[in-house]
Amino acid sequence: MAAHDARRRLRAGLTSGELTIAPGVFDGLSAHLVRRVGFGAAYMTGAGVAASGFGLPDIGLVTQTEMTERARMLTEVLGHIPLIADADTGYGAPLNVIRTVRAYEAAGVAAIQLEDQAFPKKCGHLPDKELVPADDFVLKLRAAIDARTDPDLVVIARTDARAPLGLDAAIERANAYAEAGADVLFVEAPQSVEEIERIAKEVSAPKLINLVLGGLTPIESSRRLAELGYAIAIQPSLPLGAAAYAMLTSLAELAGCDPAPLVPTKPAEFFTLVGLGEWSELGERYRTEGA
C-alpha cells in the first residue's frame with residue numbers, strides 16, 4: 001500500500017504544474033536524510049550506487065540484481081517518499097526489461113528509468129556513448145509498460161542521443177518514446193540554456209531534467225525550470241559529491257597531505273577516484289584484441 005501511495009503521489013505531481021525536486025540517494029544514510037529534510041521524491045542514482053556501494057565507475061558494471069536490492073533497501077528507508085529508480089538499459093533485451101520492471105516494482109519503486117544506450121552504458125556526462133536504434137528501444141518501452149502490474153508505476157524514457165546525434169535527433173527520439181507510452185521523457189545532457197528551453201517547448205510529455213554538478217548541462221534554478229514546464233528535476237550528484245568531498249578533505253587532513261589534486265570538478269574526475277582509468281584500459285585492451 002505504501003508503494004502504491006508513493007506512485008500515485010509522484011504521478012499526480014506530473015500534471016500539477018509544480019516541479020518535483022529529487023536529490024540523489026545511494027545508501028541508507030542519504031535516504032534517511034532526504035526523508036527527514038522533507039523532499040517530495042528521491043532519485044536512486046546508478047552512478048552513486050556504483051561508486052558508493054561497489055567502488056565502481058558508472059560504466060555498466062553493476063547488475064540488475066544489485067540495483068534491485070539497493071532499491072528495496074532505499075524504499076524501506078524512504079517510506080512514503082517516492083523513489084525514482086535508475087535501471088540503466090533494462091539490463092538486456094525486452095525479456096530482461098520485463099524481469100527488471102517486475103523486480104523494481106516488487107521492490108517498491110515509484111518510477112523506473114530506462115535509457116536508449118547500448119550495453120554497457122556510460123554515465124550520461126561521459127564521452128563516447130553509443131545508442132541502440134530508436135525502434136529497438138521502443139520495443140523495450142512497450143515491454144516495460146506491459147510488465148507493470150500497478151498502472152501508477154511511472155515509466156521514464158531517457159535518450160542519450162544529444163551527444164552522438166545532436167539535439168534534433170534527441171527531441172525526435174523523445175517524442176517517439178512518448179508516443180510509445182512513456183510517462184516521462186528525459187533528454188540527457190542538454191548543453192546550453194537554449195537547449196533546455198527548446199526541449200521544454202518541443203517534447204510533448206512531462207519532462208525530467210538531470211542537473212549534474214560539473215556536468216554538461218547548465219544548472220538552472222528550480223523556479224525557472226518550473227516556469228519552463230519541467231515536471232521533475234533530479235540532483236543525483238549533489239549529496240554524493242558533498243559526502244565525497246567531506247571524506248576526502250578530512251582524510252587528507254588526517255594524513256597530513258593536500259587533497260586538492262584529488263578533488264573532482266567534473267564527473268570523469270569523480271569516476272577516476274573509483275577506477276575509471278583502470279576499467280577503461282581493460283575495456284580498450286579487449287576491444288583491440290577482439291577486433
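Me: Does Asp152 count as buried or exposed?

Reply: The model is predicted: local features need pLDDT of at least 70, side-chain atom pairs count only at pLDDT 80 or more, and totals for chains, interfaces and linings use all residues. Residues are numbered from 1 along each chain as its sequence is written, and side-chain values use heavy atoms, with hydrogens and water left out. Buried means under 20% relative accessible area, exposed over 50%, and partly exposed in between (1.4 Å probe, protein chains only). Asp152 has a relative accessibility of 18%, and therefore counts as buried.

Me: With which residue does the side chain of Asp152 meet in a salt bridge, and how many residues apart are the two?

Reply: A salt bridge requires a side-chain nitrogen of Lys or Arg within 4 Å of a carboxyl oxygen of Asp or Glu; helices (H or I, at least four residues) and strands (E, at least two) are DSSP runs numbered from the N terminus. The partner of Asp152 is Arg11, with an N to O distance of 3.5 Å. Distant parts of the chain are linked in this way: Arg11 belongs to helix H1 (residues 2–14), Asp152 to the loop between helix H6 (134–147) and strand E5 (154–159), and the two are apart by 141 residues.

Me: How many salt bridges does the count come to?

Reply: Another member of the count pairs Arg158 with Glu115, whose closest N and O atoms are 3.5 Å apart. This pair links strand E5 to strand E4 (residues 111–115) across 43 residues, and both Arg158 and Glu115 are buried. Under the 4 Å rule, the count is 19.

Me: Which lysine forms a salt bridge with Asp160?

Reply: The closest N and O atoms of the pair are 3.0 Å apart, and the partner is Lys129. Asp160 lies in the loop between E5 and helix H7 (162–165) and Lys129 in the loop between E4 and H6, so parts 31 residues apart in sequence are tied together. Salt bridges with shared partners unite Asp58, Asp88, Glu115, Lys121, Lys129, Arg158, Asp160 and Glu188 in one network. Asp160 is buried, as is its partner, Lys129.

Me: What is the volume of the largest cavity?

Reply: A cavity is a set of points on a 1 Å grid over the protein atoms alone where a 1.4 Å probe fits but cannot get out, and lining residues have an atom within 4 Å of a point. Grid points are joined across faces, edges and corners, and the volume is the space filled by probe spheres set on them. The whole structure holds one cavity of 30 Å³ or more. The largest cavity has a volume of about 50 Å³.

Me: How many residues of the lining of the largest cavity are charged?

Reply: Ala, Val, Leu, Ile, Met, Phe, Trp, Tyr, Cys and Pro count as nonpolar, Asp, Glu, Lys and Arg as charged, and the others, Gly among them, as polar. The lining includes Pro57, Asp58, Ile59, Gly60 and Asp88. It divides into six nonpolar and two polar residues, while the charged ones number two.

Me: Which non-glycine residue in the loop between strand E3 and helix H5 has a positive phi?

Reply: The loop in question runs between strand E3 (83–86) and helix H5 (94–107). The residue counts as buried because its relative accessibility is 7%. Its phi is about 50° although it is not a glycine, and its name is Asp88.

Me: To which strand is E1 joined by four bridges?

Reply: Strands pair if DSSP finds at least two bridges between them. Strand E1 (residues 20–25) has five of its six residues buried, and two bridges join E1 in parallel to strand E2 (residues 42–44). On the partner joined by four bridges, Ile234 stands opposite Ala22. That parallel partner, residues 232–235, is strand E8.

Me: Which helix lies in the right-handed β-α-β unit of E7 and E8?

Reply: A crossover is right-handed if, with the strands pointing away from the viewer, the path from the first strand over the helix to the second runs clockwise. Strand E7 (residues 207–210) pairs with E8 in the parallel sense over three bridges, and Ile209 stands opposite Ala233 in E8. The helix of the unit, residues 222–228, is H10.

Me: Which residue is joined to Phe119 by a cis peptide bond?

Reply: The omega of this bond is about 0°. The residue joined to Phe119 is in the loop between E4 and H6, and it is Pro120.

Notes: 1 Å grid on protein atoms, 1.4 Å probe; cavity = no way out; pocket = protein on both sides within 12 Å on 5 of 7 lines; lining within 4 Å.
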